[in-house]
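These are my notebook entries on one protein model. I set down what I looked up, in the order in which I looked.

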Amino acid sequence: MKKILTIFVSAFFLVGMLAIASPQNNMHAKEKTTEIKLAHNQPTEHPVHKSLKIFKERLEKKSQGKIKVSIYPNGQLGSEREAIEMTQTNAIQMTKVSASALESFSPSYSLFSMPYLFESQENFRHVMKKPKVQDAFFNSTGDKGFLGITFYDAGVRNIYTKNKEIKDNSDLKGVKIRVQPSKTSVDLIKSLGGTPTPMDYGEVYTAMQSGVIDAAENNETSLTTNSHGEVAKNYYYTEHAIVPDILIMNKETFDGLTKQQQKWLKDAAAYSTEKHEVIWDKEVKKAKKTAKEKLGVEFHKVDKSSFKKASESLREEFRETPDTKDDYKLIEKEEQRYEESQKDH
Ligand code: GCU
């Protein structure tokens with residue numbers, strides 16, 4: 001009898017302790033304050049920092065301070081890859097990185113570095129907000145310990161050079177172009193006819209100044225907020241990729257929030273994505289003006305069709321690869337749907 005009682009009492013305590021320790025326990029999650037460290041690699045003047053601040057303020061207000069977000073800008077906690085790894089291990093809880101940096105954690109993300117995935121920035125913004133599209137990408141890293149929460153427009157990527165003049169893709173022959181450290185970014189520049197040199201974003205300025213690279217490719221804010229326009233004086237509208245920034249979060253921390261807190265977090269993120277589009281457009285205009293007037297950067301049109309044609313076989317590869325073909329189809333379908341709906345207006 002005594003033995004049965006001992007077993008019963010032990011089991012009772014064990015169940016009780018498990019309930020208290022469980023991160024899923026709603027009561028417990030409601031009580032505690034969750035501290036979120038959020039890292040990114042842009043300076044505080046950059047539009048994405050402003051939008052992340054909107055996310056922080058909204059979430060802290062909604063949760064009445066039960067969720068606190070501390071933002072670490074400027075890559076002070078490490079490169080994008082390091083920040084992703086820290087998010088995986090919960091050393092930090094969130095980071096904002098380029099989708100290209102996520103490619104080695106989930107092949108789905110490689111699609112964004114593929115040249116000319118989207119026809120326009122407007123299409124991109126529309127398609128990326130579709131829940132089906134977000135689910136396909138954002139949940140694809142669950143087994144890696146983190147989830148996508150929202151995306152931010154990081155503009156259209158174009159090629160900028162120190163001296164080299166570019167009219168069509170044949171002019172890229174032998175030109176050393178910095179790319180993000182991702183396989184598809186390397187393949188992208190190869191397909192366009194240039195010589196890719198992968199390196200972290202923080203190294204681009206010095207590499208261009210010292211002649212390690214002749215060119216880079218990015219949106220217009222790189223010329224000003226990252227000072228690349230001090231060394232690169234020609235900006236060419238190849239419009240070869242629209243690579244979103246992705247806000248990711250440690251899965252365990254997300255799962256440990258109450259359902260209500262998860263909703264607040266998602267809503268605050270979606271709200272900051274909307275606001276970001278307005279901020280982005282304004283800041284790109286401002287960056288172009290400053291680059292032209294203060295840094296003497298010239299902006300040029302190119303024969304975009306030659307770049308598009310040159311990269312057709314790479315798109316074919318992505319259309320057939322088992323890892324990417326379904327997501328590619330999904331994006332194409334949503335893009336077509338959107339274009340058709342626009343025709344009716
Ligand atoms: C964009 C993006 C950054 C990324 C950078 C790069 O600016 O927003 O997150 O690091 O491109 O080319 O590395």
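The entries below cover the ligand site, one helix and two single residues.

**Entry 1: the ligand and its surroundings.** I noted at the outset that this is a predicted model. I then asked how many residues surround the ligand. I found 13, and the closest are Glu-80, Lys-96, Arg-157, Arg-178 and Asp-245. I sorted this shell by class and obtained two nonpolar, six polar and five charged residues.

**Entry 2: polar atoms at the ligand.** I looked up the distances from oxygen atoms of the ligand to polar side-chain atoms. For Arg-157 the distance is 2.8 Å. For Lys-96, I read 2.9 Å between an N or O atom of the side chain and a ligand oxygen. For Asp-245, the side chain likewise has an N or O atom 2.9 Å from an oxygen atom of the ligand. I next checked how much of the ligand is covered: taken alone it exposes 310 Å², and the protein buries 98% of that. I also recorded that the space taken by the ligand is the largest pocket.

**Entry 3: helix α7.** I asked why helix α7 can be called largely enclosed by the rest of the structure. The helix spans residues 183–192, and eight of its 10 residues are buried, so the description applies. A residue counts as buried when its relative accessible area is under 20%. I listed the buried residues of α7 as Thr-184, Ser-185, Val-186, Asp-187, Leu-188, Ile-189, Ser-191 and Leu-192. I then looked at what follows the helix and found Gly-193, which has a positive phi, near 110°.

**Entry 4: Ile-84.** I located Ile-84 in helix α4, which covers residues 80–88. Is Ile-84 buried or exposed? I found a relative accessible area of 0%, so Ile-84 is buried. I also looked up its separation from Val-97: the two residues are 13 apart in sequence, and their C-alpha atoms are 7.8 Å apart in space.

**Entry 5: Asn-158.** I found Asn-158 in strand β5, which runs over residues 157–161. Its relative accessibility is 1%, so I entered Asn-158 as buried. I then asked which side chain makes a polar contact with the side chain of Asn-158. The partner is Tyr-235, at 3.1 Å. The side chain of Asn-158 also reaches a backbone atom, the nitrogen of Glu-239, at 2.7 Å.

Key: Residues numbered from 1 in each chain as written. Predicted model: local features only at pLDDT ≥ 70, side-chain atom pairs only at ≥ 80, totals over all residues. Heavy atoms only, no water. Near = heavy atom within 4 Å. Polar contact = N/O pair within 3.5 Å; in protein donor to acceptor, adjacent residues only side chain to side chain. Areas by Shrake-Rupley, 256 points an atom, 1.4 Å probe, with all protein chains shown as cover. 1 Å grid on protein atoms, 1.4 Å probe; cavity = no way out; pocket = protein on both sides within 12 Å on 5 of 7 lines; lining within 4 Å. Sits in = over half its atoms within 2 Å of the grid points. Nonpolar A, V, L, I, M, F, W, Y, C, P; charged D, E, K, R; others polar. Buried < 20%, exposed > 50% of the residue type's maximum accessible area, 1.4 Å probe, protein only. Helix = DSSP H or I, 4+ residues; strand = E, 2+ residues; numbered from the N terminus.
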